[in-house]
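Please look through the structure below slowly, and keep the sequence at hand while reading the paragraphs that come after it.

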Amino acid sequence: MPAFRQVGEKQLPNPILFMAWSPKRDLIALANTAGELLLHRLANFQRVWSLSPNENTGKQITSLAWRPDGKILAFSVGDTKQVVLCDAEKAEILHLFPVDYPVSCMHWMEVQSDSSLSSFSDSEDESNRFLPKLPTLPKSYSSTSKIFSEEKSDEVTSLLGEVRLNILVVGGPSGFVELYAYGLYKIATLNEITGTCRSLCLSSDLKSLSVVTEVKSSHDNAEIHYIQLDTGLLSSCLPELTRMARKFTHISTLIQYLRLSLTCMCEAWEDILMQMDLRLTKFVQEKNTSTQVQDEFLELLLWGHASPELQALLMNQLTVKGLKMLGQSIESSYSSIQKLVISHLQSGSEALLYHLSEVKGMALWKQKFQPLGLDPSAIEDAITAVGSFTLKASELLQVIDKSMKNFKAFFRWLYVAMLRMSDDHVPPELNKMTQKDLAFVADFLSEHFSANEELFDRKGKYFNVERVGQYLKDEDEDLVSPPNMEGNHWVTFVQQNTHIKESSLLFPTFPQKSLHFVKRMMEGTIDLCLQKPAEVIGCSVKQAVCLPLYSPTERLEDTPQLFELPSLWNDKNAGMLYVVFCMPEISPSKIYILRRATDPNRSIFNSLVAIHLTTPLNTNIDDEAALAESVDRVYSCLDARLYDDETLTVVLQGQDEDENRSRLLAQLPLCSALRYEDVFTWDPTLRLDQQTGGIPVQELTWGNQSRDLENMKAQYVAVNGIRKVSCVLSSNLRHIRVFEMDVEDEEDEERADESQDISTDQERLESSANLGTTGADGDEAEAETCEEMGEASGDTLEQTSESDTL
């Protein structure tokens, strides 16, 4: 009977490029050639959700990796050179970051628990006691902030979760390898690797990073190399690394929060606010008189008389209804921007200052944090940049407050004037205007309504009545109308005192620059602060071992590279790293397992073994001829993945059979194969495939742990030993079967239930026979019946026992 239960099968419309099981749940992620990311459930292979390609992410998925807790799925996109973090529950994008090269492989691991982290984790959460919870981003502004909607903004700031330190490792061409703490903050950029990365595995004790690369030899032939990198600094400074990574991840998410808050502010500012500037510019270009626009409006203010040109502008182009709508738009827009500055920008800036100040304190503890590359001066520069951004946000608040007062008074006066021009009734509450109100409007007209030729040359308009929009422009140019600092007592005091002016305690202001410009300057300064540890940690990683393995066969263009061997596995309990690979051109019937200690300073004397695939897959054969035939069968390995620390899951094919014949899914127990004592001596001048003669060979007996994959040209397998499941993919990349690995088949269960029922009946009859008397005929007949049924039951149980033994 089959050893594994099939629980799902499906023919998919698009070829599958990558598949990865969730480490904690019965879910499998699939990526296809159409750029779709699919999530399926184990039961009946039911689809949970699908994520279609879009402009923000890209269309060419190149690798997949699950966060160890199974809550976030990472996928890399080759055409846009990005890594995207997706919520496994809602299929929503939580975060994405750019990379320098297209990512070819990823690995996401969780660091083993360490008691020394307790003191750091206890103090790390103190920020929640001092900082208020950041408000969610407005739901209405969704055109450019879909990545962080109202529901997801909290998730972004809590991506760290209540989990231990986990590290996402990404690799690509030209030796590109980077490490990201919590999948967000880059803690290392490595420079010790050559070739294109095909597989990665960072040990859970952080002592080493194993990389399988494809390197071009001197004869332009591809070679597969295994490289082990010493990451001892990460291991020795684990508590400090965890604390720094969590702080810098907070900082990274806060920068993203501020960026999106500013995006919401830009969306709140409407183009309708520019109507006054554009209509006044058109008025200047069309009017025939030499009178200034400022004089035209002042004459209307003082004498109530308007020239025909101004009257046509107000009544025909602007109109009373249009003026009312413009006033309402300005008030609504300015109020929204003002609320965003107060609730989002200022609160986000305060939280950013808090975390940067704590990082500065960490950097001053040089004994602990200096090896990780924390630079106090760079962090101080970042704090200063955040302070400047906060001052610019406060300046914007002042401009908004002043503009709202000015526009309210101006529109009230102009509305009354236009009603009088049209001979409409003027409400009594609007008809009253004091001398102070007249002076206020006159000052507004003199300051905002003077034509500016230089402004026309730069922006194509003569006026800049609306002063808020210039702060939200993402431009390097100076502000068109910077704030007037004359009469500001503090500014005058600072300018007159040289020592105070040059003091490092004062945050510099940039009165000529926009809020966007200061924000970009702040991001650049913080990026420099964040990059320094990644450079220092990256330089500390050194190559410990480089083993040339073999020259691969030519790969078909449509074959996913992720499915190709070698595959890597970290045995956390034993502190070992396994490399599983095949060399079909040298020895097609063998699987090779290379073992390395995760600690590069610890050697393994029996580090390499070959498993010969000639053992019969099914030993339950009664016919001697069939048994002899099965012994002679030789198998080749199509794919192999570590199911757990002691089991290898393989897809096999008989070498002497037709290629279209059914293939096999099998579980190989590795305990006996890894207990060999023979030692293989490496010749460093040769590849492994050039010295295979001395490799120890082990035979395996795996009993009935196999299953024929009928009507399927199986080629690849993905497994999850924790959830005890596997997924087999056909060579055409469209046909999938899903199995539960450690359960009996339904027929086996029915058979076991039947045997149990027979045994129960036998016990019941024997019990009744022992209790009865033998004097009566009926009792004798009943005893004979019991004896006959007992014999029949005994025969059946013996047959069942023999079958189970086989």
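What follows goes from the whole chain to some of its strands, then to salt bridges and a patch on the surface.

This is a predicted model, and its protein chain holds 20 helices and 29 strands. Of the 806 residues in the chain, 50% are buried, while the chain as a whole exposes about 38,100 Å², of which carbon and sulfur atoms supply 48%. If one takes the contacts between residues at least 6 apart in sequence, 64% of them join residues that are at least 24 apart.

A good place to begin is strand E7, which spans residues 72-77 and has 6 of its 6 residues buried. In a regular strand, the side chains alternate between the two faces of the sheet. In E7, Ile72, Ala74 and Ser76 point one way, whereas Leu73, Phe75 and Val77 point the other way, and all of them are buried. Strand E7 pairs in the antiparallel sense with strand E6 (residues 61-66) over 5 bridges, and also with strand E8 (residues 82-87), again in the antiparallel sense, over 6 bridges. Phe75 can be followed to both neighbours, since it stands opposite Leu64 and has Val84 in E8 as a bridge partner. The hairpin of E6 and E7 has 5 residues between the strands, and Gly70 takes a positive phi near 75° there; in the hairpin of E7 and E8, which has 4 residues between the strands, Lys81 takes a positive phi near 55°.

Another group of strands forms an open sheet of 4 strands, in the order E10-E11-E12-E13, with antiparallel pairing. Strand E10 (105-110) and strand E13 (185-190) stand at the edges with a single partner strand each, so one side of each is left without a neighbour in the sheet. From one strand to the next, the twist averages 20°. Within this sheet, E11 (residues 166-171) and E12 (residues 177-181) pair over 5 bridges, and Gly171 stands opposite Val177 in E12. Helix H5, made of residues 238-268, lies across E12 and E13 and runs at about 120° to E13.

Salt bridges link other parts of the chain, and the count comes to 20. In one of them, Glu214 meets Arg198, with the closest N and O atoms 3.1 Å apart. Because Glu214 lies in strand E15 (residues 208-216) and Arg198 in strand E14 (residues 196-202), this pair ties together parts that are 16 residues apart in sequence. Buried means under 20% relative accessible area, so Arg198 at 9% is buried, whereas Glu214 at 24% counts as partly exposed.

Another salt bridge joins Glu223 and Arg687, whose closest N and O atoms are 3.1 Å apart. Glu223 belongs to strand E16 (residues 222-230) and Arg687 to the loop between strand E24 (663-669) and strand E25 (697-699), so the pair ties together parts that are 464 residues apart in sequence. Glu223 is buried, with a relative accessible area of 15%, and Arg687 is buried as well, at 17%.

Finally, which residues form a nonpolar patch on the surface? They are Trp490, Phe493 and Leu506, which together have about 290 Å² of accessible area. Phe493 is found in helix H15 (residues 489-496), and with 39% relative accessibility it counts as partly exposed.

Notes. Residues numbered from 1 in each chain as written. Predicted model: local features only at pLDDT ≥ 70, side-chain atom pairs only at ≥ 80, totals over all residues. Heavy atoms only, no water. Patch = residues over 30% accessible without salt bridge, like charges linked within 9 Å, V, L, I, M, F, W, Y side chains within 5 Å. Areas by Shrake-Rupley, 256 points an atom, 1.4 Å probe, with all protein chains shown as cover. Salt bridge = Lys/Arg side-chain N within 4 Å of Asp/Glu carboxyl O. Helix = DSSP H or I, 4+ residues; strand = E, 2+ residues; numbered from the N terminus. Buried < 20%, exposed > 50% of the residue type's maximum accessible area, 1.4 Å probe, protein only. Pairing = 2+ DSSP bridges. Axes fitted to C-alpha atoms, helices over the stretch in contact; angles between N-to-C directions. Contact = heavy atoms within 4.5 Å.
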